[in-house]
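Please open the structure in a viewer and keep the sequence at hand. The tour below proceeds by selections, each followed by a short account of what is found there.

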Amino acid sequence: MVQLILNGLEFPETSGDKYKCYPKDIGVTLTMASGRLVFEKRAEKTIVEYAYDFPDGIEDGLMRRMLEILRSREPIDGTVLEDCGEVRTEMFLCTKLTPPSYAFSIDGIPYWHGISFSLEGVNPRA
């Protein structure tokens with residue numbers, strides 16, 4: 001199953017609680033004159049959390065393309081699998097990136113593991 005496509009690149013499917021895609025409310029918390037605390041929701045953004053740490057690793061060529069997208073600091077065209085089971089397309093920014101670790105090599109080609117990152121939707125939705 002495809003969980004995540006960024007700038008046309010399909011990221012490896014991950015499992016074991018290492019993929020999350022959910023809406024995050026944006027708003028303000030207000031204290032009313034009575035002392036009652038309320039939250040005024042203004043919009044919501046999509047948040048994506050992804051980690052890949054399997055023993056078979058990610059081949060170097062694919063990892064280079066993944067890192068180029070995540071390190072670009074530019075808006076990323078993303079297609080994501082939401083926690084409601086729907087597929088959504090929107091623009092994201094990478095807000096957190098833990099770089100991969102070298103795992104091993106096969107025929108002189110490095111393989112990587114331990115990458116994790118978070119994405120946040122650029123445009124809030126009402």
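In what order do the seven strands of the open sheet stand? The model, which is a predicted one, shows the order S2-S1-S6-S7-S10-S4-S3, with antiparallel pairing.

**The edges of the sheet**

Select strand S2 (9-10) and then S3. Each of these two strands has a single partner strand, so one side of each is left without a neighbour in the sheet.

**From S1 to S7**

Next, select strand S1 (residues 4-6) together with strand S6 (residues 76-81). Three bridges join S1 and S6 in the antiparallel sense. One position to display is Leu6, whose bridge partner in S6 is Gly78.

Keep S6 and add strand S7 (residues 87-98). S6 and S7 are paired over six bridges, again in the antiparallel sense, and Thr79 stands opposite Thr89 in S7. The two strands form a hairpin, with five residues between them. In the turn, select Gly85, which has a positive phi of about 95 degrees.

**From S7 to S10**

Move on to S7 and S10, an antiparallel pairing over six bridges. Here Thr98 stands opposite Ser116 in S10. Helix H1 may now be added to the view: H1 packs on the sheet and touches S1, S2, S6, S7 and S10. The direction of H1 makes about 35 degrees with that of S10.

Return to Ser116 in strand S10. Is this residue, Ser116, buried or exposed? Its relative accessible area is 18%, so Ser116 counts as buried, the cut-off being under 20%. Leaving aside residues up to four places away in sequence, Ser116 touches Tyr50, Ala51, Lys96, Leu97 and Thr98.

**The nonpolar core**

In soluble globular proteins, nonpolar side chains tend to be buried together. In this model, the largest nonpolar core has 25 residues. Select Leu4, Leu6, Phe11, Ile115, Phe117 and Leu119, the residues that touch the most other members. Two or more residues of this core come from each of S1, strand S3 (19-31), strand S4 (37-52), helix H1 (60-70), S6, S7 and strand S10 (115-121). H1 gives the most, with six residues.

Now centre the view on Phe11. Apart from residues up to four places away in sequence, Phe11 is in contact with Leu4, Leu6, Tyr50, Met66, Leu70 and Phe117.

**Aromatic pairs**

How many aromatic pairs does the structure hold? There are six. Select the rings of Tyr50 and Phe117: their centres lie 4.9 Å apart and their planes make 25 degrees, so this pair is stacked. The pair links distant parts of the chain, since Tyr50 in strand S4 and Phe117 in strand S10 are 67 residues apart. Both Tyr50 and Phe117 are buried. Adding Phe11 completes the view of a cluster, in which ring pairs link Phe11, Tyr50 and Phe117.

Then select Tyr52 and Phe54, an edge-to-face aromatic pair. The ring centres of Tyr52 and Phe54 are 5.1 Å apart, with 70 degrees between the planes. Tyr52 counts as buried at 6% relative accessibility, whereas Phe54, at 26%, counts as partly exposed.

As a last selection, display Lys18 beside Phe54. Lys18 lies over the face of Phe54, at 5.6 Å from the ring centre.

How values were computed: Residues are numbered from 1 along each chain as its sequence is written. This is a predicted model: local features need pLDDT of at least 70, side-chain atom pairs count only at pLDDT 80 or more; totals for chains, interfaces and linings use all residues. Side-chain values use heavy atoms; hydrogens and water are left out. Two strands pair if DSSP finds at least two bridges between them. Helices (H or I, at least four residues) and strands (E, at least two) are DSSP runs, numbered from the N terminus. A nonpolar core is a set of buried Ala, Val, Leu, Ile, Met, Phe, Trp, Tyr and Cys residues joined through side-chain atoms within 4.5 Å. Buried means under 20% relative accessible area, exposed over 50%, partly exposed in between (1.4 Å probe, protein chains only). Contact means heavy atoms within 4.5 Å. Rings of Phe, Tyr and Trp (its six-membered ring) pair if their centres lie within 6.5 Å; planes under 30 degrees apart count as stacked, over 60 as edge-to-face and the rest as tilted. A charge sits over a ring if NZ of Lys or CZ of Arg is within 6 Å of the ring centre and within 35 degrees of the ring normal. Axes are lines fitted to C-alpha atoms, for helices over the stretch in contact, and angles run from 0 to 180 degrees between N-to-C directions.
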